[in-house]
Amino acid sequence: MLYNSTENRNEVVSASQSIAQGISKDGGLFVPQSLPEYDIKTLKNMLSLDYKGIAKKVFSDFLSDFTAEEINECVEKAYTVEKFGGENPAPLSFKKYNGNDVNILELWHGPTCAFKDMALQILPHLLTKSLKKTNDGKDAVILVATSGDTGKAALEGFKDVEHTKIIVFYPELGVSPMQKRQMNTQEGENVRVCAIEGNFDDAQTGVKKIFTTPEISDILEKNNMMFSSANSINWGRLLPQIVYYIASYLDMVNSGKIALGDKINVVVPTGNFGNILASYYAFCMGLPINKFICASNSNNVLTDFISTGVYDKNRQFYTTISPSMDILVSSNLERLLYKLSGDNDEITKEWMTQLKTVGKYEVTPEVRDAVSKLFYGGFCDDAQTKETIAKMYREENYLCDTHTAVAVSVYDKYVSETGDKTPTVIASTASPYKFSKAVLSAVSEGKELPESEFDMVDLLNKITGVEIPAPLASLKDKKSRFSDVVKTNEMPDYVLGALGVK
């Protein structure tokens, strides 16, 4: 299987090159030229597989220049019981909300307590093998822009991995205190963390600019280094996410919730559009999905796009209690538009250029109609998010984080509007303890909150009895290693200085 750029179909690379490089030289994103087909017979044959077996099957169909032994090694090292607390790293929890069944796909049992672990525990293994195949001898410089969870998951995944260096940028005022502490206390000799004055979109734009600046790439080349990415712009980040949607469907069948061939709906809280895009690719492969429900917070640029076909980032930016979704430029939407436009690289590039220059574009009526047929977009504000957390805890004794609550709230609106009772999987993306202040205020019934983050964690545990994940509890006594803050225009110099090649 070969891959090409969404903005230049003539740039064709192998799977390993797409992972090693991360992003096309023209700024486009790598996508597979075709997708494997999973018919009902294929899915039936996968029912007996555990999570690792499903992952090996999916990876082998996409990574044609990896041997079976290489894929087996990557999967076995990534999804261990020690890292994820069980044989199934992505279990389903069957609950109800407002009388409707909700099948919550818990993606946060990994070492950083967020769904990004599902991809970022395996990406370092995929990347190091890709580097040996394509750029043997070079060190990979992993640049990451994060709205909170990706940063820590990438740092943990790449910590002390040979021939890699990782630099993470995050918005100084745009992550939760727990997320900030996770990043700034990160161990490892090859890691650097830096805050920026701005929001996530500023960080993401700054990283993309560094990637595509020839002068900076030339400096790295002279020092036997090359850039790569751990953001979901890297195909090696997106591919592992396809696995858990297929696995969750098979779990639904095996648990008797649905029959093989029945359709499901998928609800995903999303800002950068990567997680929900993975479920769309699973659908294109043959997974029976009826509707993709895209849940946003007050930064509802995706909600408006799905209903109008107009993507307009020229709007107020909100800092919310679901910070990983505080995004106005949804990078992975480019991949969806490329596919829905019939792999039209010219029009995709035109839209992305308009987004960069005027902050707005409008897709064709055909693409707009295709989006609205497949996707439903909804959003909720912070007050509704807290109401959902409180109700879910009160009625089901289930504690969810601020992002999962957005998904549950939007799903409730969807059912009310449409009456669609199709069995539904809701992606739960983080432990509630990563956002303890907001979650605690939702369930504490107006009680005065402690000032310390870890006192809040302890009180939340006392009130709910929900176990504090060990990786978060251990942060209490860790010393902070990183405190750098730069302006966005200083990011290139920071990178070169951190690498010692300035």
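Tutor: Axes here are lines fitted to C-alpha atoms, for helices over the stretch in contact, and angles run from 0 to 180 degrees between N-to-C directions. Keep in mind that this is a predicted model.

Student: Okay, how do I use that for α4 and α7? At roughly what angle do their axes cross?

Tutor: Helix α4 covers residues 68-78 and helix α7 covers residues 123-134; their axes cross at roughly 150° and come within 9 Å. Angles over 145 degrees count as roughly antiparallel, and that makes α4 roughly antiparallel to α7.

Student: Which residues of α4 and α7 meet?

Tutor: From α4 you have Glu70, Glu73, Cys74, Lys77 and Ala78; on the α7 side they meet His125, Leu126, Lys129 and Lys133. Sort the residues of this contact by character and you get five charged, three nonpolar and one polar.

Student: Let's move to rings. How many aromatic pairs are there?

Tutor: Ring pairs are judged by the distance between centres, within 6.5 Å, and then by the angle between planes. The count here comes to 20 aromatic pairs. Take Phe169 and Tyr494: their centres are 5.8 Å apart with 65° between the planes, an edge-to-face pair.

Student: Where do Phe169 and Tyr494 lie?

Tutor: Phe169 is in strand β7 (residues 164-171) and Tyr494 in helix α23 (residues 491-499), so the pair ties together parts that are 325 residues apart in sequence. Phe169 is buried, at 0% relative accessible area, and Tyr494 is buried too, at 11%.

Student: What about Phe211 and Phe227: how far apart are the centres of their rings?

Tutor: Those centres are 5.5 Å apart and the planes sit at 55°, so this pair is tilted. Phe211 belongs to helix α10 (residues 200-211) and Phe227 to strand β9 (residues 225-229), with their positions 16 residues apart in sequence. Phe211 is buried with a relative accessible area of 9%, and Phe227 is buried with 8%.

Student: Which residues form an aromatic cluster?

Tutor: One cluster is made of Tyr3, Phe62, Trp235, Phe273, Tyr280, Tyr281, Phe283, Phe292 and Phe375.

Student: And charges over rings? Which ring has the charged end of Lys257 over it?

Tutor: For a lysine, you check where NZ lies relative to the ring centre and the ring normal. The charged end of Lys257 sits over the ring of Phe94, 4.6 Å from its centre. Lys391 does this with Tyr97, its charged end being 5.4 Å from the ring centre.

Student: Now a single residue. Is Val168 buried or exposed?

Tutor: Val168 lies in strand β7 and is buried, with a relative accessible area of 0%. To read its surroundings, skip neighbours within four places in sequence: Val168 then contacts Val144, Thr146, Gly151, Leu155, Met183, Arg192, Val193 and Cys194. Between Val168 and Cys194 the C-alpha distance is 6.2 Å, while they are 26 residues apart in sequence.

Student: Let me try a helix. Which residues in α14 are buried?

Tutor: In α14 (residues 301-308), the buried ones include Val301, Leu302, Thr303, Phe305 and Ile306. Then ask what covers them: the list includes β11 (289-296), β12 (310-312), α15 (333-340), β13 (360-362), α17 (365-374) and β14 (375-379). Right after α14 comes Gly309, with a positive phi near 80°.

Student: β14 is in that list. Where does Phe379 fit, and what is Phe379 in contact with?

Tutor: Phe379 is in strand β14 and is partly exposed, with a relative accessible area of 34%. Beyond its neighbours within four places in sequence, Phe379 contacts Ser296, Asn297, Ser298, Asn300, Thr303, Gln384, Val410 and Lys413. Phe379 and Asn290 are 89 residues apart along the chain, and their C-alpha atoms are separated by 20 Å.

Student: Last one: what should I make of a positive phi?

Tutor: Most residues other than glycine have a negative phi. Cys113 is not a glycine, yet its phi is positive, about 65°.

Student: Where does Cys113 lie?

Tutor: Cys113 is in the loop between β5 (100-106) and α6 (117-120), and it is buried with a relative accessible area of 2%. Asp343 also has a positive phi without being a glycine, at about 60°. You'll find Asp343 in the loop between α15 and α16 (345-357), where it counts as partly exposed at 23% relative accessibility.

Note on methods: Residues numbered from 1 in each chain as written. Predicted model: local features only at pLDDT ≥ 70, side-chain atom pairs only at ≥ 80, totals over all residues. Heavy atoms only, no water. Helix = DSSP H or I, 4+ residues; strand = E, 2+ residues; numbered from the N terminus. Parallel < 35°, antiparallel > 145°, perpendicular 65-115°, else oblique. Contact = heavy atoms within 4.5 Å. Nonpolar A, V, L, I, M, F, W, Y, C, P; charged D, E, K, R; others polar. Phe/Tyr/Trp six-rings, centres within 6.5 Å; stacked < 30°, edge-to-face > 60°. Buried < 20%, exposed > 50% of the residue type's maximum accessible area, 1.4 Å probe, protein only. Lys NZ or Arg CZ within 6 Å of the ring centre and 35° of its normal.
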